[in-house]
Amino acid sequence: MKKKTVILGIETSCDETAAAIIEENHGTIPNILSNVVSSQIDVHKEFGGVVPELAARSHIEKIDLIVKKAINDSGKKISEIDAIAVTAGPGLIVCLSVGLNFAKSLALSLGKPFIAVNHLEGHALSPKLTTNLKYPYLLLLISGGHTQFLSVKNLGKYKRLGTTIDDALGEAFDKTAKMIGIEFPGGPFIEKFAEKGNSKRFNLPKPILKKGGCNMSFAGLKTAVLKISKTIKNEQDKNDLAASFQNTIQEILYVKTKKAFKEFLGKNKKKNNTFVVAGGVAANKSIKKTLINLSYEEGFKPIFPPLEFCGDNAAMIAVAGLEKYKVKKFDTLNHPAKPRWPLDEKAIFLKGAGVKL
Ligand code: KG4
Ligand code: ZN
């Protein structure tokens with residue numbers, strides 16, 4: 001029987017220390033043998049956001065235990081690992097360096113290939129952990145640091161169709177939560193508060209809704225939320241503002257996704273189109289419902305990774321590593337940590353004041 005490749009994935013780009021082992025399953029989805037994620041919510045809670053130095057220290061304290069646990073849980077011996085895949089960017093450089101150095105040392109001592117993975121490619125390929133995902137597909141990546149529509153043509157071949165020109169969507173959720181007085185991490189809590197609120201109570205702006213193709217902007221919402229948050233008197237007001245914010249985001253995503261579908265299809269009507277939504281914000285049930293309905297209306301098959309693979313995890317890094325392993329895309333041990341590492345390197349930088357759409 002043909003040997004099944006075993007990959008160790010390591011992720012430390014932000015505030016999750018994670019390690020996972022997956023095993024290739026020829027022709028079908030891989031076996032996830034272990035998936036360990038240690039979140040640092042308690043470390044950063046009192047600061048209302050991630051403090052890079054504290055995050056890095058916490059990664060240093062835990063990385064060897066987390067990797068050991070992933071190996072033990074998998075039932076494999078360390079000698080059975082065929083390659084080590086690790087997030088090399090984008091992310092906080094002090095955090096990336098911890099996982100990267102650990103992975104390099106392990107690869108060197110075991111004499112196994114080393115694979116540097118783009119964290120965003122991990123999110124992009126995360127559905128491969130549970131479904132037989134085929135190229136090409138349209139990707140909406142919505143995380144704490146990125147918000148983009150990408151046409152995924154093949155492994156490593158991305159064309160950006162649209163991006164946020166200011167805040168990332170997860171960042172907008174987190175900042176809104178902070179202004180309303182909802183605890184860290186904001187995204188999941190906004191969703192909970194919104195369930196009890198009236199989404200029609202507050203009218204919030206939808207910047208560049210009718211222009212800029214499928215580019216997006218969320219910074220204007222911050223200013224509007226800040227103004228309203230000063231008038232908040234009770235829990236119901238909080239719920240209503242959370243619900244109004246989430247509803248506004250859904251309306252923006254609905255319109256922009258419709259535009260992205262058109263751009264993805266171009267002039268040729270294709271069949272069997274797939275729409276993948278990945279990243280932490282893909283865990284939001286209301287957003288998921290809106291985008292699933294829209295996909296069916298427009299003839300796209302929607303794919304959302306299961307909840308455990310929406311947020312940061314190492315199984316998605318391992319699966320990206322496995323795809324690279326199959327085509328022997330290995331890296332040298334002097335691969336740097338890359339705090340900025342766009343999937344579409346050719347796309348122009350579209351952020352900040354003065355952006356023309
Ligand atoms: O992909 P991820 O875990 O980390 C990054 O790569 O950034 O995404 C984290 C982001 C955070 O901003 C978090 O608030 C947001 O995803 N998030 C959510 C939900 N769960 C996580 N946003 C809205 N609704 C949720 N249920
Ligand atoms: Zn992420």
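Modeller: Two strands pair if DSSP finds at least two bridges between them. This model is predicted: local features need pLDDT of at least 70 and side-chain atom pairs 80 or more, while totals for chains, interfaces and linings use all residues. Residues count from 1 along each chain, chains are lettered from A and ligands numbered from 1 as written, and side-chain values use heavy atoms, without hydrogens or water.

Biologist: What makes β9 and β10 a pair?

Modeller: Four bridges join β9 (273–278) to β10, and the two run parallel. The rule asks for at least two, so they pair. Thr 274, for instance, has Lys 301 of β10 as its bridge partner.

Biologist: Why is β10 called an edge strand?

Modeller: The open, mixed sheet runs β8-β7-β6-β9-β10. β10 (300–303) pairs on one side only, and β8 (157–163) does likewise.

Biologist: What makes the link between His 119 and ligand 1 a polar contact?

Modeller: A polar contact is a pair of N or O atoms within 3.5 Å. A side-chain N or O of His 119 sits 3.1 Å from a ligand 1 oxygen, so the pair qualifies. Backbone atoms of Gly 144, at 2.7 Å, and Asp 312, at 3.0 Å, pass too. The protein buries 84% of the 560 Å² that ligand 1 exposes alone (Shrake-Rupley, 1.4 Å probe).

Biologist: How do you know where ligand 1 lies relative to the two domains?

Modeller: Its shell has 18 residues, each with a heavy atom within 4 Å. Domain 1 (6–130 + 309–326) and domain 2 (137–304) both contribute, so ligand 1 lies between them; the bounds come from an automatic or database assignment.

Key. A polar contact is a pair of N or O atoms within 3.5 Å; within protein, one must be able to donate a hydrogen and the other to accept it, and residues adjacent in sequence count only if both atoms are side-chain atoms.
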